[in-house]
Amino acid sequence: MNINTIAEFALATAREAGELIIRERAQGLEHDYKDGQELVTQADLKADRLIGDAIRARFPDHRILSEEAMPDLRQAQELEQPLWIIDPIDGTVNYAYGHDQVAISIAYAEKGRVQTGVVHAPFQQETFRASRGQGAFLNDSAIAPTGCTNLRQSLVATGFPYRKDQLAPIIRRLDKVLHHCRDIRRNGSAALDICWVAAGRLDTYYESVSPWDFAAARLIALEAGAMAGHFSDVPEGYPEDLWGQDILISTPGLYQGMRALLTS
Ligand code: IPD
Ligand code: CA
Ligand code: CA
């Protein structure tokens with residue numbers, strides 16, 4: 001099937017999920033916890049179901065990797081059938097606290113390579129999207145990263161895991177970044193952090209996250225002209241587009257300097 005048809009479907013589905021999560025928050029949220037610590041709302045589950053149902057109805061033989069309903073990460077390594085990678089709400093803590101930095105992320109991959117992706121921020125009415133080889137857009141305007149080349153003048157985004165037992169290396173890196181860069185932002189949505197690098201609102205982003213957090217946004221950043229990679233090795237044979245450990249996404253002029261800083 002034509003990639004533009006798939007991209008249009010992803011966009012329409014993300015917008016529908018966006019309306020759902022706006023409605024749900026207006027009505028009052030019910031919270032729960034995954035693994036005793038990670039916040040999840042009824043809206044996360046409902047949006048995941050809405051997107052999954054839409055994909056199954058339209059593309060019955062495609063596979064789905066989604067944070068709430070189908071989080072089996074082994075899917076990322078199966079290359080046979082096309083794979084959809086979904087975060088129904090990226091920025092759940094923001095969502096639950098009434099902040100607007102929240103997005104629905106939908107990516108579509110063939111043989112481990114993301115072909116099209118949409119990151120829709122319904123409260124901000126901003127939709128980032130890209131298809132491979134066709135550039136990246138915010139609403140209907142083409143986007144590009146900043147031209148920053150000086151680490152000292154760079155605005156860096158990152159995030160922190162919910163688990164608190166492995167913070168030491170993260171704090172060490174944070175210390176280096178704070179000493180060598182302009183400032184840091186912890187905005188609470190990895191997908192939007194990466195799209196904001198793509199759109200020139202941040203210079204660079206690094207973190208360890210899951211495929212649903214970044215699969216769509218990474219393609220958007222690459223198509224906008226940013227660089228994307230990792231500051232540690234990707235296991236042999238694992239699709240790079242879906243490996244979330246130690247990812248670095250940056251305006252090109254800072255990529256090598258940032259990588260050196262993070263591995264120093
Ligand atoms: C989280 C956000 C956050 C990042 C966390 C993610 P969620 O996703 O993207 O910015 O720092 O690692 O888990 O839980 O809100 O979908
Ligand atoms: Ca997420
Ligand atoms: Ca989520």
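**Notebook: two calcium ions, one strand and two pockets**

I looked first at two acidic residues and found that D87 is buried, and so is D90; buried means under 20% relative accessible area, exposed over 50% and partly exposed in between, with a 1.4 Å probe and protein chains only. I note that this is a predicted model, in which local features need pLDDT of at least 70, side-chain atom pairs count only at pLDDT 80 or more, and totals for chains, interfaces and linings use all residues. Residues are numbered from 1 along each chain as its sequence is written, chains are lettered from A and ligands numbered from 1 in the order in which they are written, and side-chain values use heavy atoms, with hydrogens and water left out.

**Calcium ions**

I looked up the donors, which are N, O and S atoms within 2.8 Å of the metal (3.2 Å for Na, K and Ca); water is not among the atoms, so sites may look incomplete. The calcium ion (ligand 2) is coordinated by D87 (OD), D90 (OD) and D213 (OD) at 2.0 to 2.2 Å. The spacing of these donor residues in sequence is D-x2-D-x122-D.

For the calcium ion (ligand 3), I found the protein donors E67 (OE), D87 (OD) and I89 (O) at 2.2 to 2.3 Å. E67 lies in the loop between β3 (63-66) and β4 (83-90), and D87 lies in strand β4, 20 residues apart. Both E67 and D87 are buried. Which residue bridges the two calcium ions, ligand 3 and ligand 2? I found that D87 coordinates both ions, which are 3.6 Å apart.

**Strand β12**

I turned next to strand β12 (residues 204-207), where helices (H or I, at least four residues) and strands (E, at least two) are DSSP runs numbered from the N terminus. In a regular strand the side chains alternate between the two faces of the sheet. In β12, T204 and Y206 point one way, Y205 and E207 point the other way, and all are buried.

I then checked its partners; two strands pair if DSSP finds at least two bridges between them. Strand β10 (residues 155-157) runs parallel to β12 and is joined to it by two bridges, and A157 has Y205 as its bridge partner. Strand β14 (residues 247-250) runs antiparallel to β12, with four bridges, and E207 is partnered there by I247.

**Largest pocket**

I read the volume of the largest pocket as about 1,300 Å³. On a 1 Å grid over the protein atoms alone, a pocket is an open set of points where a 1.4 Å probe fits, with protein on both sides within 12 Å along at least five of seven lines, and lining residues have an atom within 4 Å of a point. Grid points are joined across faces, edges and corners, and a volume is the space filled by probe spheres set on the points.

Where does the largest pocket lie? It lies between domain 1 (3-142) and domain 2 (151-263), because both give residues to its lining; the domain bounds come from an automatic or database domain assignment. The lining has 48 residues, and P161, Y162, S208, V209 and S210 lie nearest the centre. Among the elements that each supply at least two lining residues are β4, β12 and α6 (211-224).

**Second largest pocket**

I found a volume of about 150 Å³ for the second largest pocket. Of its 14 lining residues, A7, T116, R129, A130 and S131 are the closest to the centre. Helix α1 gives the largest share of this lining, five residues.
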